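User: Hey, got a minute to go through a model with me? I'd like to get a feel for the fold before I set anything up.
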Amino acid sequence: MRWGIRGLSLRNSERLLGIGLLFPTVALIAAVVLYPMISTMWLAFFDESLLRPNDPAEFVGLGNFVRLVTDGEFWKVVKNSVVLTAGAVAGEVIIGMIIALAVNASYRGRGLFRTLNILPWVIPSFVTAFVWVWLLHPQFGPINAFLQLLHIIDEPIAWLSEGVTAMVSLIAVYTWKGLPWTFLVLLAGLQTIPEDWYEAAKVDGASAWQMFWHITVPALRYVLVIVLVLRTIWTFNSFDMVYLLTGGGPARATLTLPMQVFTAGFREYNVGMSSAIAAVMVVLVVLLSLIMLRVGWVEEEAQG
Amino acid sequence: MRRVTKVLTANHRPRALLGLFLSFLAVFPIYFMVVGSISPVETFLRRDLGEILLPRAFVGDHMAVVAFDPVFLRFALNSMIVATGTTFVSIVVATLGAYSLARLRFPGGEVIGRFALLTYTVPSVLLLIPLFKIVVTLNLANNLVALIITYTTFSVPFCLWLLRSYFQSLPRDLEEAAMVDGASRLGALFRVILPLSVPGIVATALFAFILAWNEFLFALVFTTTSDVKTLPIGVSTTFTAEQTATDWAVAMSASTLSAVPIFIIVLILQRGLVRGITAGAVKG
């Protein structure tokens with residue numbers, strides 16, 4: 001009999017084994033992600049400083065948040081984060097889509113092409129930062145040399161030392177680093193679209209632009225939403241290249257939320273404030289992803 | 001099978017050229033870095049674009065300065081310890097978990113698997129202070145073990161999903177045959193499934209390695225003295241003097257050398273790397 005006592009106990013022991021084998025994963029995530037996450041959310045309601053390790057943390061309710069929203073500087077930091085994220089994600093998706101459409105056509109040596117293009121995504125971020133600080137360097141950097149050669153500029157530009165150009169440079173570097181992933185995911189999506197759809201549209205006399213809007217974009221809808229959500233979250237959360245390229249400067253012009261969380265916590269030792277900013281970040285990340293998923297979803301329903 | 005969008009290829013040559021041009025833009029900074037690290041110092045001073053692209057001579061001085069610098073070698077060794085440690089622990093933990101998700105169905109398993117992936121949307125800075133406190137309490141501050149545990153946690157969810165889909169692609173009959181012959185579940189996993197999964201495990205391991213090799217933020221907070229610093233922190237604090245052209249040549253050498261393991265992995269994996277990186281995002 002299949003469902004006899006032996007069979008049942010086998011099933012149970014398989015379940016136990018299943019839970020046991022997954023336990024290390026769950027334990028690690030609980031200890032290293034879940035607990036710290038909850039702890040930070042909790043600390044956001046306290047006044048605690050690492051400079052006074054023996055003082056008990058004092059509960060201040062929404063005090064930290066009130067200080068944040070009434071602080072004009074904080075909104076500038078939020079704005080910087082939004083500008084950097086929006087700029088880099090838009091750049092990646094637009095350029096990534098152009099390259100993906102261009103090479104999807106038919107491509108010899110696709111293997112080598114893809115392999116080389118993945119490099120910006122996989123090299124360490126400090127290497128990326130080093131290279132770009134050199135490329136953008138006012139005295140030694142090839143970018144200034146190139147622009148002067150073309151007579152686009154007369155004097156070398158100190159890209160990372162002026163507020164606006166520093167932000168533009170950061171957006172460019174983030175775009176550069178994120179582009180391979182965005183491009184590869186979009187390309188993989190493009191390759192799932194059946195060729196006959198385009199042929200049918202062509203028979204009906206559709207232009208390339210019409211085909212892009214009415215075939216490619218709807219077919220890629222799901223992939224596009226995933227790309228937008230993930231790239232937005234990852235760029236928004238990113239710390240290292242801001243820290244390495246500008247350190248948030250000049251004069252806080254490129255100070256982003258993750259940078260601010262770090263500075264408040266590990267430069268000013270203000271645990272409560274740092275946690276409160278981190279909590280605001282999480283809320284923004286969740287809101288952003290919900291909005292994007294929702295938009296993708298509504299469109300999907302509208303398209304049927 | 002060719003899945004090309006023919007209609008979009010009507011004017012197909014300019015498009016391919018555009019693609020090549022943009023991919024050149026993607027690669028040229030890395031090319032500059034590698035070439036810069038073996039260019040004479042004057043190349044950095046002269047600002048002659050042709051010379052930056054293709055120097056008149058190649059020199060190994062700066063490379064040698066970095067490669068024989070005991071401080072740099074210490075950073076490299078630390079990075080190697082952390083990355084191999086992370087890779088090893090991640091693969092053990094993720095293999096067990098992935099097998100559980102692939103074969104041993106139990107209530108909640110699927111939910112846990114999906115939940116694990118959400119860790120990729122959590123901002124790292126959110127975890128910094130509590131993790132730092134835990135590390136200090138456990139006496140692991142300034143200790144590579146703290147980095148290995150943290151990195152393992154962040155690489156496991158990805159490894160879990162890659163390995164799960166790999167295990168699912170193997171026919172169940174193989175294990176069932178082994179179990180009919182008297183092997184236990186675990187016996188079947190170790191003797192039948194694992195030997196067949198070596199290619200998948202190697203690819204997954206290399207992903208874990210890349211993640212640990214590149215990580216910056218936690219290393220910045222958890223390590224303070226140069227005997228335990230990894231390359232990202234060590235090199236970016238030691239080789240940053242940007243005053244002279246020589247500094248730049250040395251900095252480019254340090255960057256290039258730090259990226260060498262990544263270059264090697266890219267060469268080994270090639271298509272596998274691309275497939276792994278885009279995994280999940282397309283299939284969903």
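Analyst: Sure, here is a walk through the chains, their contacts and some backbone details. Keep in mind that this is a predicted model.

User: Start with chain A. How many helices and strands does chain A come to?
Analyst: The secondary structure of chain A has 14 helices and two strands.

User: And what radius of gyration does chain A have against a compact globule of 304 residues?
Analyst: Chain A has 25 Å, while a compact globule with that number of residues would be near 19 Å. The C-alpha trace spans about 90 × 75 × 40 Å along the principal axes of chain A.

User: What percentage of chain A is buried?
Analyst: Buried residues account for 45% of the 304 in chain A. On the contact side, take pairs in chain A at least 6 apart in sequence: 70% of those contacts join residues at least 24 apart.

User: Let's look at a helix. Is α11(A) mostly covered or uncovered?
Analyst: Mostly covered, with 13 of its 17 residues buried. The length of α11 of chain A (residues 221–237) checks out too: at 1.5 Å a residue the helix should span 24 Å, and its end C-alpha atoms are 24 Å apart.

User: Okay, on to the interface. How many residues of chain A are in contact with chain B?
Analyst: 91 residues of chain A are in contact with 82 residues of chain B. Helix α1 of chain A (residues 5–43) brings the largest share of chain A's side, 20 residues. By type, chain A's side divides into 67 nonpolar, 17 polar and seven charged residues.

User: What about the largest nonpolar core, which residues touch the most other members?
Analyst: Those are A:Leu245, A:Ile277 and B:Cys159, in a core of 166 residues. Helix α8 of chain B (residues 144–168) gives the most to this core, 16 residues. Domain 1 (6–61) and domain 2 (69–238) of chain B both contribute residues, so the core lies between them.

User: How many Å apart are the C-alpha centres of those two domains of chain B?
Analyst: The centres of domain 1 and domain 2 of chain B lie 35 Å apart.

User: Back to A:Ile277, what does A:Ile277 touch?
Analyst: Leaving out residues up to four places away in sequence, A:Ile277 touches A:Leu68, A:Leu257, A:Gln260, A:Val261 and A:Ala264.

User: Switching to backbone oddities. Which peptide bond is cis?
Analyst: The bond from A:Gly249 to A:Pro250 is cis, with omega near -5 degrees. A:Pro250 is in the loop between α12 (240–245) and α13 (257–266) of chain A.

User: And what's the phi of A:Ala251?
Analyst: A:Ala251 has a positive phi of about 50 degrees, although this residue is not a glycine. A:Ala251 also sits in the α12–α13 loop of chain A. With 10 other C-beta atoms within 10 Å, A:Ala251 is exposed.

User: Why flag that sort of thing?
Analyst: Because most residues other than glycine have a negative phi, and most peptide bonds are trans.

User: Fair. Where is A:Tyr269?
Analyst: A:Tyr269 is in the loop between α13 and α14 (271–303) of chain A. Its phi is near 55 degrees, again positive in a residue other than glycine. A:Tyr269 is partly exposed, with 16 other C-beta atoms within 10 Å.

User: Last one, which residues does B:Leu170 touch?
Analyst: B:Leu170 touches B:Ile193 and B:Leu196, not counting residues up to four places away in sequence. B:Leu170 is in the loop between α8 and α9 (172–180) of chain B.

Key:
Residues are numbered from 1 along each chain as its sequence is written. Chains are lettered from A and ligands numbered from 1 in the order in which they are written. This is a predicted model: local features need pLDDT of at least 70, side-chain atom pairs count only at pLDDT 80 or more; totals for chains, interfaces and linings use all residues. Helices (H or I, at least four residues) and strands (E, at least two) are DSSP runs, numbered from the N terminus. The expected span of a helix is 1.5 Å times one less than its number of residues. A residue is buried if 20 or more other C-beta atoms lie within 10 Å of its own, exposed if 12 or fewer, and partly exposed in between; C-beta atoms are placed from the backbone. A nonpolar core is a set of buried Ala, Val, Leu, Ile, Met, Phe, Trp, Tyr and Cys residues joined through C-beta atoms within 7 Å. Domain bounds come from an automatic or database domain assignment. Two residues are in contact if their C-beta atoms, placed from the backbone, lie within 7 Å. Ala, Val, Leu, Ile, Met, Phe, Trp, Tyr, Cys and Pro count as nonpolar, Asp, Glu, Lys and Arg as charged, and the others, Gly among them, as polar. The radius of gyration is taken over C-alpha atoms; the globule rule is 2.2 Å times the number of residues to the power 0.38.
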